[in-house]
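Reader: Could you walk me through this structure, one feature at a time? I would like the general idea, then the case here.

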Amino acid sequence: MDNEITLTATVKDQETPVDQLKYEWKAAAGSFTGDGASVKWRAPKDVKTPADYDITLLVTESYGAPDTSGTRQQNVTTASVPAVRVHNSPKELGDLSLRFLSDFADSNISATTCVRDFSDSCRGKTDERGDIEANRVHFVILSSSLSLKSVTVASSALSANMTVACSFTSKIKACDAGDKACVVGDVGTAKGDCILTGKYENRRWWLCDSHFAGKLLGSMRSFFGLH
């Protein structure tokens with residue numbers, strides 16, 4: 001968002017030199033700088049993303065002698081470029097991370113729903129679904145606290161890393177056989193950083209992987225699963 005892209009039209013005209021043609025670039029939003037066959041388009045600020053913008057170009061050729069009103073005949077050609085997709089990647093990735101963790105913090109939301117924004121091409125989706133299913137069996141999350149700390153987008157704009165300060169207070173509702181550290185009814189808190197990765201594919205951002213960085217003591221050690 002708020003970045004510029006260069007748009008260049010290739011025009012051929014057998015009668016009129018291309019530098020004598022009139023070029024008119026149009027878009028529903030954003031701004032153009034420059035004129036002629038090559039211009040720069042700046043995406044609009046403060047709009048909901050992702051968003052697609054159609055850009056069109058009208059090329060006008062004036063020819064022949066002017067009529068009595070001084071107007072020459074015109075030939076107008078219209079062309080368009082493929083829709084330009086605009087992203088505010090840090091915001092989109094931050095929103096995805098917080099939505100996933102907020103869903104996880106609600107024990108009534110299924111694991112499948114929680115991982116809906118994970119890419120099918122990432123193994124992390126399967127791992128995360130399994131960990132949440134195990135969490136739902138063993139814990140009831142009573143309260144949570146989430147605060148986005150950072151979003152770092154790779155220079156390729158195809159991957160990203162997100163860090164969320166996270167805290168989950170939960171009550172144990174079931175224990176595995178032989179787990180002597182587990183006591184049904186105990187309440188504990190997992191507090192640390194939730195580290196997530198993002199992946200850009202199919203014209204949008206997805207989550208790819210998630211893990212916890214922090215100490216899990218006693219009966220809380222299996223709170224985030226085993227991966």
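Author: Happily. Let us begin with burial: a residue counts as buried when its relative accessible area is under 20%, as exposed when the area is over 50%, and as partly exposed in between. Please keep in mind that this is a predicted model.

Reader: What share of the 227 residues of the protein counts as buried?

Author: The share is 34% of the 227 residues. The accessible surface of the protein is about 13000 Å², and carbon and sulfur atoms hold 49% of that area.

Reader: How do I read the overall form? What is the radius of gyration of the protein, and what would a compact globule of 227 residues have?

Author: The radius of gyration is taken over C-alpha atoms. For a compact globule of 227 residues it would be near 17 Å, whereas the protein has 27 Å. The spans of the C-alpha trace along the principal axes, about 100 × 30 × 25 Å, add to that picture.

Reader: And the secondary structure? How many helices and strands does the protein have, and in what order do the elements run from the N terminus?

Author: There are 3 helices and 10 strands. Starting at the N terminus, the order is β-β-β-β-β-β-α-α-α-β-β-β-β. As for sequence separation, take the contacts in the protein with a separation of 6 or more: 61% of them come from residues 24 or more positions apart.

Reader: Now helix packing. How do the axes of α1 and α3 lie, roughly parallel or roughly antiparallel?

Author: The general idea is to compare the N-to-C directions of the two axes; angles under 35 degrees count as roughly parallel. Here the axes of helix α1 (residues 89–104) and helix α3 (residues 123–138) cross at roughly 30 degrees and come within 11 Å. Therefore α1 is roughly parallel to α3. On the α1 side, Phe100, Asp103 and Phe104 make the contact, and on the α3 side Glu128, Ile132, Asn135 and Arg136 do. Sorted by class, this contact has 3 nonpolar, 3 charged and 1 polar residues.

Reader: Staying with α1, is Ser89 buried or exposed?

Author: Ser89, which lies in helix α1, has a relative accessible area of 16%, so Ser89 is buried. Beyond its neighbours within four places in sequence, Ser89 is in contact with Val153 and Trp205.

Reader: Let me try a strand residue. Is Lys215 buried or exposed?

Author: Lys215 belongs to strand β10 (residues 204–215). Its relative accessible area is 72%, so Lys215 is exposed. For distance in space against distance in sequence, take Lys215 and Gly192: they are 23 residues apart in sequence, and their C-alpha atoms are 7.3 Å apart.

Reader: What about backbone geometry? Which residues does a cis peptide bond join?

Author: Look at omega. Thr49 and Pro50 are joined by a cis peptide bond, with omega about 0 degrees. Pro50 sits in the loop between β4 (38–42) and β5 (51–63).

Reader: And which residue in the loop between β4 and β5 has a positive phi, although it is not a glycine?

Author: Asp46, with a phi of about 55 degrees, is in that loop between β4 and β5. Its relative accessibility is 75%, so Asp46 counts as exposed. Ala157 is a further case: its phi is near 60 degrees, positive in a residue other than glycine. Ala157 is in the loop between β7 (139–153) and β8 (159–172), and at 39% relative accessibility Ala157 counts as partly exposed.

Note on methods: Residues numbered from 1 in each chain as written. Predicted model: local features only at pLDDT ≥ 70, side-chain atom pairs only at ≥ 80, totals over all residues. Heavy atoms only, no water. Axes fitted to C-alpha atoms, helices over the stretch in contact; angles between N-to-C directions. Helix = DSSP H or I, 4+ residues; strand = E, 2+ residues; numbered from the N terminus. Parallel < 35°, antiparallel > 145°, perpendicular 65-115°, else oblique. Contact = heavy atoms within 4.5 Å. Nonpolar A, V, L, I, M, F, W, Y, C, P; charged D, E, K, R; others polar. Rg over C-alpha atoms; globule rule 2.2 N^0.38 Å. Buried < 20%, exposed > 50% of the residue type's maximum accessible area, 1.4 Å probe, protein only. Areas by Shrake-Rupley, 256 points an atom, 1.4 Å probe, with all protein chains shown as cover.
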